[in-house]
Amino acid sequence: MAGQLSAFGYCLSDNPEEADLWLINTCTVKSPSQSAMETLIAKCKSAKRPLVVAGCVPQGSRDIKELEGVSIVGVQQIDRVVEVVEETLKGHEVRLLHRKRLPTLDLPKVRKNKFIEILPINVGCLGACTYCKTKHARGHLGSYTIDSLVGRVKTVIADGVREIWLSSEDTGAYGRDIGVNLPTLLKAIVTVLPPDGSTMLRVGMTNPPFILEHLEEIAEVLRHPCVYSFLHVPVQSGSDAVLTAMNREYTVGEFRTVVDTLTEHVPGMQIATDIICGFPGETDKDFLETISLVKEYKFPQVHISQFYPRPGTPAARMKKVPSTAVKQRSRELTSVFEAFTPYSGMEGRVERIWITEIATDGIHLVGHTKGYIQVLVVAPDGMLGMSAIVKITSVGRWSVFGEVIETLNCIDQEIASINKTCQDETSACSTTCDACSCSKEADPCACGAQSCEQKTVEEATISRNDMWEDKTTNLIGWLLRKRRNHVKKREESEIVSRHNSNQELVCERRVEWGGIDRALLGGMLVSLITIVALVMHLGARVST
């Protein structure tokens, strides 16, 4: 939505007081998020600002009193947000909630992080969890085609994105409505990722039921060097009785199968999970089973939440666990989880990381290992978007700290930049030879019936350095350097020629002087003649 508004000419503001209109995007998963929306709506109305509310709350609860007199945009109408804003600024109330085709993937976008692309692969889900309000808003499963997703991946890689996050209410359900499946999509995507690993893929949250039949194939994808060995698989409870009440459609044993299989087949596999404490009907025994499961696997990441009844869901009508018990269970599970030390064995290890953001302390940069473990390094901001080899120097509870040993992507980027410059400068003669030498001089390319030498990376680096120096030195210095490089290239050409003496001679070295040589000689002659003329003139004046 921000991308479309920016493309239309609107300026995005971080200051609500100076904004001409407020646009609030909402989440309906938990009660606190909806309460935050209600607070913002009240503030906006008090400030007498035009207001548009988007997201899952208006889509799933359009008749709540807070939305009276407010323009709203449904989850499948975000491509019309400019139209809604325009009409709202004119004083009209607009409500677009009708579900239609999926929004196109190539809408203008403003990324919060320019190195990360969040790519939705489908909307909706196939589940019917008794506590879930999102289903009311998002509806049934709707998947994007493989071709459209692969095309989007190619586009964002060209934009310089370094991480692609596949997002969904349930990635495991992908494609079941269009006759394909998640492994097929993942295999298609990894084929277009850069082979140097400069762009990584992160697979989003998946529920156990829909990946059980594809575990071997998913493990194969997660082993790929350009895919993070990380997966978010919510279990929600360690009790089969509670899972049945939630209508989660799997057992604790099936969840174990998912975790055990991926851990066994994917080196360094990291699995995150979710737990809901105090679901209606949860007994002390049920909760102890959850504690036991978490202790057994010692998950590095566990998202713990208390049960919140959402209006209109079956769970909202179930007998609730007393709130004091819910809070106590949440505290107890949090205490168990925070006592884990999942990264204690990493100190001293050497890891490759991908750096994408600045830490909240403003000092460190944030990178992630292949297993998506957060690594904090002290490095210049220029390393954002790069990959590096680091040595882990210390470990913390939530992340580890590292020291950069080697930066990887910068070398590849420099070579790519050099190659692109060469291709641009030699496009006129590229049809006459397979490899044309790309000179920074103004001389014509020496392509023709004969093949010509390829520029080496070392030569290109010298030329690039000279270009930087040219900006701060005078013309004579520039000419001298060009002459020096010209001679150097001829010498290197002779070395290459001697090295390939056992092959047919296909490159004729020109021994005559080029345009720069002639210009240099001419300038020297003109200077000499001028000096002689001045001397003669002064001599004539002295004699008179």
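## Cores, a one-sided helix and salt bridges

The largest nonpolar core has 72 residues, and I164, L193, L201 and L262 touch the most other members. A nonpolar core here is a set of buried Ala, Val, Leu, Ile, Met, Phe, Trp, Tyr and Cys residues joined through side-chain atoms within 4.5 Å. Helix α6 (residues 146-158) gives this core its largest share, six residues. Apart from this core lies another one, of 17 residues, including M346, I353, V377 and I392.

Before going further, please keep in mind that this is a predicted model, in which local features need pLDDT of at least 70 and side-chain atom pairs count only at pLDDT 80 or more, while totals for chains, interfaces and linings use all residues. Residues are numbered from 1 along each chain as its sequence is written, and side-chain values use heavy atoms, with hydrogens and water left out.

Three terms come up throughout. Buried means under 20% relative accessible area, exposed over 50%, and partly exposed in between (1.4 Å probe, protein chains only). Contact means heavy atoms within 4.5 Å. Helices (H or I, at least four residues) and strands (E, at least two) are DSSP runs, numbered from the N terminus.

Back in the large core, L201 touches I164, L166, L186, I189, V190, L193, C226, V227 and Y228, leaving aside residues up to four places away in sequence.

Helix α4 (residues 81-89) is a nice one to look at in the viewer. Its buried residues are V81, V82, V84, V85 and T88. They sit on the same side of α4, because they cover an arc of only 160° around the axis; the arc is that of the directions from the helix axis to the C-beta atoms. These buried residues pack against α1 (2-7), β1 (22-26), β2 (51-55), β3 (71-73) and β4 (95-96). Just after α4, G91 takes a positive phi of about 95°.

Another glycine, G385, is found in the loop between β15 (374-377) and β16 (387-395). G385 is buried, with a relative accessible area of 4%. Its C-alpha atom is separated by 7.8 Å from that of V161, and the two residues are 224 apart along the chain.

On the surface, L521, L525 and I529 form a nonpolar patch with about 280 Å² of accessible area together. Patches are made of residues with over 30% relative accessible area and no salt bridge; like charges are joined within 9 Å, and nonpolar side chains (Val, Leu, Ile, Met, Phe, Trp, Tyr) within 5 Å. Accessible areas come from the Shrake-Rupley method with a 1.4 Å probe, and for residues only the protein chains shown count as cover. I529 lies in helix α16 (residues 515-543) and counts as exposed, at 58% relative accessibility.

Now to the charged pairs. The whole structure holds 13 salt bridges, each a side-chain nitrogen of Lys or Arg within 4 Å of a carboxyl oxygen of Asp or Glu. Three of them are listed here.

| Pair | N to O distance |
|---|---|
| R152 and E117 | 3.2 Å |
| K187 and E217 | 3.4 Å |
| R329 and D284 | 2.8 Å |

R152 lies in helix α6 and E117 in strand β5 (residues 116-120), so this pair ties together parts that are 35 residues apart in sequence. R152 counts as buried at 9% relative accessibility, and E117 counts as buried at 1%. R111, E117, R152 and D159 are linked in a network of salt bridges.

K187 is partly exposed, with a relative accessible area of 33%, and E217 is partly exposed at 30%. For the third pair, R329 counts as buried at 7% relative accessibility, whereas D284 is exposed at 55%.
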